[in-house]
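Q: I am new to this structure and would like a close look at one part of it. Could you take me through a pair of packed helices and how they meet?

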Amino acid sequence: MKRIILLFAVIFSMVSVQLKAEQTPTNQEKAHSQALVIKKIVSLSDEQQVKIEAVILSKLNELDVIHADASKDAATKMAASEALKTSRDIEFSQIMTPEQYAHYLHQREEIQTRKDIAH
């Protein structure tokens with residue numbers, strides 16, 4: 001009986017790990033999803049959306065490299081992540097119109113405020 005329970009536990013854990021691995025979105029999927037949200041928020045053109053998606057994908061890939069570097073401590077990784085955000089925002093400001101970018105920043109601040117209140 002113990003063997004059967006152990007066998008079911010092993011099978012269940014293998015299946016759950018497999019399902020978890022399949023559910024993790026790729027950086028490409030994350031970039032596309034985020035670009036769609038930004039497109040809705042600030043009414044991007046299709047051309048702008050493609051450029052924004054490319055910027056997001058680039059930054060997500062760079063972020064993966066930062067987090068994978070075991071030689072850096074948490075503070076260094078955090079500083080590098082913040083530098084990436086700043087770089088991303090600069091690139092966004094060059095792609096969006098000034099009105100779109102201002103609206104984007106305003107919406108991002110509102111979302112952050114709601115997150116802060118919830119925690």
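A: Here is a short look at the whole chain, followed by a closer look at one helix pair. Please keep in mind that this is a predicted model.

To set the scene, the chain has five helices and zero strands, so its elements read α-α-α-α-α from the N terminus on. Of its 119 residues, 23% are buried. Among contacts between residues at least 6 apart in sequence, 53% join residues at least 24 apart. The chain exposes about 8900 Å², with carbon and sulfur atoms supplying 63% of that area.

Now for the pair itself. Helix H2 covers residues 27-42 and helix H3 covers residues 46-68. Their axes lie 8 Å apart, and the two helices pack at an angle of about 135°. Because an angle over 145 degrees would be needed to count as roughly antiparallel, H2 is described as oblique to H3. The crossing of these two helices is right-handed.

Which residues make the contact between H2 and H3? On the H2 side they are Asn27, Gln28, Lys30, Ala31, His32, Gln34, Ala35, Leu36, Ile38 and Lys39. H3 answers with Asp46, Gln49, Ile52, Glu53, Ile56, Leu57, Leu60, Asn61 and Asp64. Sorted by class, the contact holds eight nonpolar, six polar and five charged residues. Ala31, Ala35, Leu36 and Ile38 of H2 are among the nonpolar ones, as are Ile52, Ile56, Leu57 and Leu60 of H3. The charged residues include Lys30 and Lys39 of H2, along with Asp46, Glu53 and Asp64 of H3.

Technical notes:
Residues are numbered from 1 along each chain as its sequence is written. This is a predicted model: local features need pLDDT of at least 70, side-chain atom pairs count only at pLDDT 80 or more; totals for chains, interfaces and linings use all residues. Side-chain values use heavy atoms; hydrogens and water are left out. Helices (H or I, at least four residues) and strands (E, at least two) are DSSP runs, numbered from the N terminus. Buried means under 20% relative accessible area, exposed over 50%, partly exposed in between (1.4 Å probe, protein chains only). Contact means heavy atoms within 4.5 Å. Accessible areas come from the Shrake-Rupley method with a 1.4 Å probe; for residues, only the protein chains shown count as cover. Axes are lines fitted to C-alpha atoms, for helices over the stretch in contact, and angles run from 0 to 180 degrees between N-to-C directions. Angles under 35 degrees count as roughly parallel, over 145 as roughly antiparallel, 65 to 115 as roughly perpendicular and the rest as oblique. A crossing is left-handed if the near helix is turned anticlockwise from the far one by less than a right angle, and right-handed if clockwise.
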